[in-house]
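Subject: Structure handover

Hello,

Here is the structure I promised to pass on. Please open it and keep it in view while you read.

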Amino acid sequence: MTEQKTQALRLQQSQKLEALGTLAAGISHDFNNILSGIFGYAQLAKISLDNPRKASDQMDQVLAAAQRAAELVQQVLSFSREAGDQKKQLRVYLIVKESMKLLRSSFPAFIEMETRLDSKQMIPADPAKIHQMFMGLCLNAYQTMKKNGGVLTVSLTDETIIQPLQIQDKKVPAGEYLKLSVTDTGHNRNGKMPDTRVHPDTDTQTTGQLTGGMDLNDVQMIVADHDGVLIVHTQPDKGTAVEIFFPVAGAEKKPASAERAPARVVSKTQSQRSSKTIMLVDDEKAIRQIYEEFLTGHGYEVALFENGTAALNAFKADPKRVDLVITDMTMPELTGDKLSEKILEIRPDMPIILWCGFSEDISEDTAVGMGIKKYIQKPVSPRDLLQSIRKILDEN
């Protein structure tokens, strides 16, 4: 069973990499457009230095474009991350919403995309598997429309089943469900749906092979693992609708207004400013300079180091001088996780923020398990970092 599970995970990962290959051209196109905007507005801002208001507006455009680039990278990383068994209360709406942004960047314009996300319900689920399943279904739909175009429609709705239903050999209990629908108007899978059982007098098909990013049996496995029900409706040359019912028993409904809004950071006056010392370790000079200027502007003393070895030697010389450590993960000589381990050996109570562009060697759970206070995925805005620093120092 362990070997079968390992093989299944490997297959799922290979399918995700294949899907990324399908998306690559669109992602590159979108990313180059974003970079063009950053370069263009940055150059305009330099020209407009004698007009501060105009330059400020142009720099706002640079920041907005940079945020778009960061979100695009996060979407790719989230999709490519290996799936595990990490179920938690998950708001599927957020995964679908972010995935649709990535798909819109990748699909040609002649494929229309419609979203009807009426439910923000939560279900107990593994985020990586739900993300993979949803992207796989959308890529399968894309395969049927990539020649002649069409419409991809995605919806999330709340469904209440009052009386138990019998679908094939499985009984669907009464209860509250989150219904995810992925519908396309493409040609019907080019006839490549073997071993399909059709319900009498209906066009509902519940097993088979979808062309494109993900085998329908793999979708079924993920749905079954989440105690869900999968139904596929298809008509020759008229399109396919995939419906998935996820039970939400035990999950709390939260109104949209309950979602956390970005925290607002208010600059402190000179009399309110901190006198704390922060050790900032990063091998990228520009990053050191940007965050030093921002943090010193908010009253912190910042000690900069370009590698982990130099930072560790300085920490050993005066461990009590530092109030908080911020370290990059991937650095020459001594990586961020190893630096953190050695610092915590000297001062177990030392608050550490580990930030990382991308690493297969450490995750948020691993970092927290080591005693690191916060794991942050780069890029992070200076204000978001400041908010994290203040919260950590207030707790200590």
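Below are my notes, from the whole chain down to single residues.

**The chain overall**

Please keep in mind that this is a predicted model. The chain has 10 helices and 15 strands. It is 396 residues long, and 45% of them count as buried. Take the contacts between residues at least 6 apart in sequence: 71% of them join residues at least 24 apart.

**A parallel sheet**

Start with an open sheet of 5 strands. Its order is β12-β11-β13-β14-β15, and the pairing is parallel. The edge strands are β12 (301–305) and β15 (374–377). Each has a single partner strand, so one side of each has no neighbour in the sheet. On average, neighbouring strands here are turned by 20° against each other, direction ignored.

Now look at β13 (324–328). All 5 of its 5 residues are buried, so the rest of the structure largely encloses this strand. Both of its faces are covered. L324, I326 and D328 are buried on one side, and V325 and T327 on the other.

You can follow the pairing from strand to strand:

- β11 and β13 run parallel and are joined by 4 bridges. L280 has I326 in β13 as its bridge partner.
- β13 and β14 also pair in the parallel sense, over 4 bridges. Here I326 stands opposite I353 in β14.
- β14 and β15 run parallel, with 4 bridges joining them. The bridge partner of I353 in β15 is K374.

Two helices lie across strands of this sheet. Helix α6 (residues 285–296) lies across β11 (277–281), β12, β13 and β14, and runs at about 170° to β12. Helix α7 (residues 308–317) lies across β11 and β12, and runs at about 155° to β11.

**A hairpin**

Next, find strand β9 (residues 229–235). It is mostly covered, with 5 of its 7 residues buried. β9 pairs with strand β10 (residues 239–247) over 7 bridges, in the antiparallel sense. One example is I231, whose bridge partner in β10 is E243. The two strands form a hairpin with 3 residues between them. In the turn, D237 has a positive phi of about 60°.

**Two helices to check by length**

Does the length of helix α4 agree or disagree with what its residue count predicts? The helix covers residues 127–145, which is 19 residues. At 1.5 Å a residue, α4 should span 27 Å. Its end C-alpha atoms are 27 Å apart, so the two agree. α4 is also mostly covered, with 17 of its 19 residues buried.

Helix α3 (residues 92–106) gives a second case. Its 15 residues should span 21 Å at 1.5 Å a residue. The end C-alpha atoms are 21 Å apart, which agrees. The buried residues of α3 include V92, Y93, I95 and V96. M100, L102 and L103 are also among them.

**The nonpolar cores**

The largest nonpolar core has 46 residues. Those with the most contacts inside it are V96, M133, F134, L152 and I244. Its largest share, 10 residues, comes from α4. Apart from it lies another core, of 23 residues. V281, L312, C356 and A367 are among the residues of that second core.

Pick L152 for a closer look. Leaving out residues up to four places away in sequence, L152 touches F107, E112, M113, E114, C138, A141, M145, V182 and T183.

**Cysteines**

How many disulfides does the structure hold? The count is 0. As a reminder, a disulfide is a covalent bond between the sulfur atoms of two cysteines. Two cysteines are worth finding in the viewer. C138 has 0% relative accessibility, so it counts as buried. C356 also has 0% relative accessibility, so it is buried as well.

**One residue in a loop**

Last, go to R347. It is found in the loop between α8 (336–346) and β14 (352–356). Is R347 buried or exposed? Its relative accessible area is 13%, and the cut-off for buried is under 20%, so R347 is buried. Which residues does R347 touch, not counting those up to four places away in sequence? They are F315, P319, K320 and V322.

Best wishes

Definitions and conventions:
Residues are numbered from 1 along each chain as its sequence is written. This is a predicted model: local features need pLDDT of at least 70, side-chain atom pairs count only at pLDDT 80 or more; totals for chains, interfaces and linings use all residues. Side-chain values use heavy atoms; hydrogens and water are left out. Buried means under 20% relative accessible area, exposed over 50%, partly exposed in between (1.4 Å probe, protein chains only). Contact means heavy atoms within 4.5 Å. The expected span of a helix is 1.5 Å times one less than its number of residues. A disulfide is a pair of cysteine sulfur atoms within 2.5 Å. Two strands pair if DSSP finds at least two bridges between them. Axes are lines fitted to C-alpha atoms, for helices over the stretch in contact, and angles run from 0 to 180 degrees between N-to-C directions. A nonpolar core is a set of buried Ala, Val, Leu, Ile, Met, Phe, Trp, Tyr and Cys residues joined through side-chain atoms within 4.5 Å.
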